[in-house]
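User: I am in my first year and would like a close look at one part of this protein, the open sheet. Please go through its strands and the helices beside it, and then say something about the strands and helix that come later in the chain.

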Amino acid sequence: MIQRTNYLKKLKRVKDKQIIKVLTGVRRCGKSTILQMFRQQLLDEGVEQSQIIFINFEDLANEKYLDYHELYQYLDNSIEENQRYYIFLDEIQAVTHFEKVLDSLFIRSNVDIYVTGSNAFMLSGELATLLSGRYIEVRVHPLSFKEYHSAFKRDATTDFQAYLNFGGFPFAVQLEDEKTFKDYVDGIVNTVLVKDVLQRKQRSDSALVEHIARFLTDTAGNLITVKKIANTLTSMGEKTTSDTVLSYLSAFLDAYLFYRCDRYDISGKKYLSVNSKYYPVDMSLRYALLGTKRVNIGSRLETVVFLELLRRDYEIYVGTIENTEVDFVAIKQGVKEYYQVSYTLIDDETYNREVSALKKIKDDYRKILLTADPGYANDEGVEQINVINWLLGENE
């Protein structure tokens, strides 16, 4: 079992705090396993098994608890006043009106609540109203490269090439047979498209949904608009409208299948609403949705960097300055970092193009070129860092 140390540390910091811990993320990214690891930590620290209540709502044996009255009754009967309890509710979005159960449990001083969900929609609406200020979200992603490399312990370059190709869904990376791997990842994508997109939208145009997902994956790292997506699909024979595309894009984002990166005007210090980039949650989506189509190595590398910045809890934007683009403006606690990403900068023309945008930025925040080229360099304050070293936490 691959250890997810960073997530366990986050849960440890908020253990026994009067706040609901909500683990969110795409299906099969490892949320349930993290809860399992944390439960084992509790047992190792001396918590009794009888103090731990765990329910997985994807298990048919727990089907009756999908009714929130039944669920609350069961939990209420299981909790004694003079004992502390740790309650783990896995894939809780399957329970109708689950927020009412959480709200009732929250007022008890002797329970510590942990829940997981595979759709951001669960954190909106009535839940947000009822539990405003009462929960903390822990966003879970598929394996980082550092986690991936720690599991296999091969040569870092070998692992990185495999990671670029096959991504980091925790169970999928253990599948050595390529066909079995593709079948498994296909299953994840299809489950998300059906359960978290089509069912929620109550629409049956599965072909259109898959075409949009393929388009987003194929154009990862490109600035696009909703209108462009609609026009492109219509020209390919999949007639649709901007409103329909926008509706499905919202569902993709809520299901954590894709992330949107909006633009930021660096000179004007303002956020721009026209044109955005979309990135898939994991590299394996390219393989699942596009098959053996020619791989864009720059797009894949940019996606890996974007997802790593997400894991490190940055706000991320596409930067614009004097009609040039900076791949990422990453902001955390008011501090900015600027990133350009290129697989190689051996060619002088490519190097000058990439570095010129960063040199136009006149503030003193860190400016970084991430490449697969070896070594480290500093050109008038612009640092060139090997991306593998950066992903492993070196040269930070």
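Analyst: What follows describes the open sheet and then turns to some later elements. The model is predicted, not an experimental structure.

The open sheet has five strands in the order β2-β3-β4-β1-β5, and their pairing is parallel. At the edges are β2 (52-56) and β5 (135-139), each of which pairs on one side only. From one strand to the next, the twist averages 15°. As general background, the strands of a sheet pair through backbone hydrogen bonds, and this can be parallel or antiparallel.

One pair can be followed in detail. Strand β1, residues 20-24, is joined to β5 in the parallel sense by five bridges. Within that pair, T24 has R139 of β5 as its bridge partner.

Two helices can be placed against these strands. Helix α1 (residues 5-14) packs on the sheet, where it touches β1, β4 (111-117) and β5. The direction of α1 makes about 170° with that of β5. Helix α4, made of residues 98-106, lies across β1, β3 (85-90) and β4. Relative to β4, helix α4 runs at about 160°. Both β1 and β4 are therefore named for α1 and again for α4.

Now to the later strands. Strand β6 covers residues 258-265, and six of its eight residues are buried, so β6 is largely enclosed by the rest of the structure. Its pairing with strand β7 (residues 270-280) is antiparallel, with eight bridges. D265 has K270 of β7 as its bridge partner. The hairpin of β6 and β7 has four residues between the strands, and K269 takes a positive phi near 50° there. β6 also pairs with strand β8 (residues 315-321), this time in the parallel sense and over three bridges. In that pair, R263 is matched with V318 of β8.

The last element is helix α11, residues 242-254, which contains V245. V245 has a relative accessible area of 0%; buried means under 20%, so V245 counts as buried. Leaving aside residues up to four places away in sequence, V245 touches I212, V226, I229, A230 and T240. Q40, by comparison, lies 205 residues from V245 in sequence and 43 Å from V245 in space, C-alpha to C-alpha.

How values were computed. Residues are numbered from 1 along each chain as its sequence is written. This is a predicted model: local features need pLDDT of at least 70, side-chain atom pairs count only at pLDDT 80 or more; totals for chains, interfaces and linings use all residues. Side-chain values use heavy atoms; hydrogens and water are left out. Two strands pair if DSSP finds at least two bridges between them. Axes are lines fitted to C-alpha atoms, for helices over the stretch in contact, and angles run from 0 to 180 degrees between N-to-C directions. Contact means heavy atoms within 4.5 Å. Buried means under 20% relative accessible area, exposed over 50%, partly exposed in between (1.4 Å probe, protein chains only).
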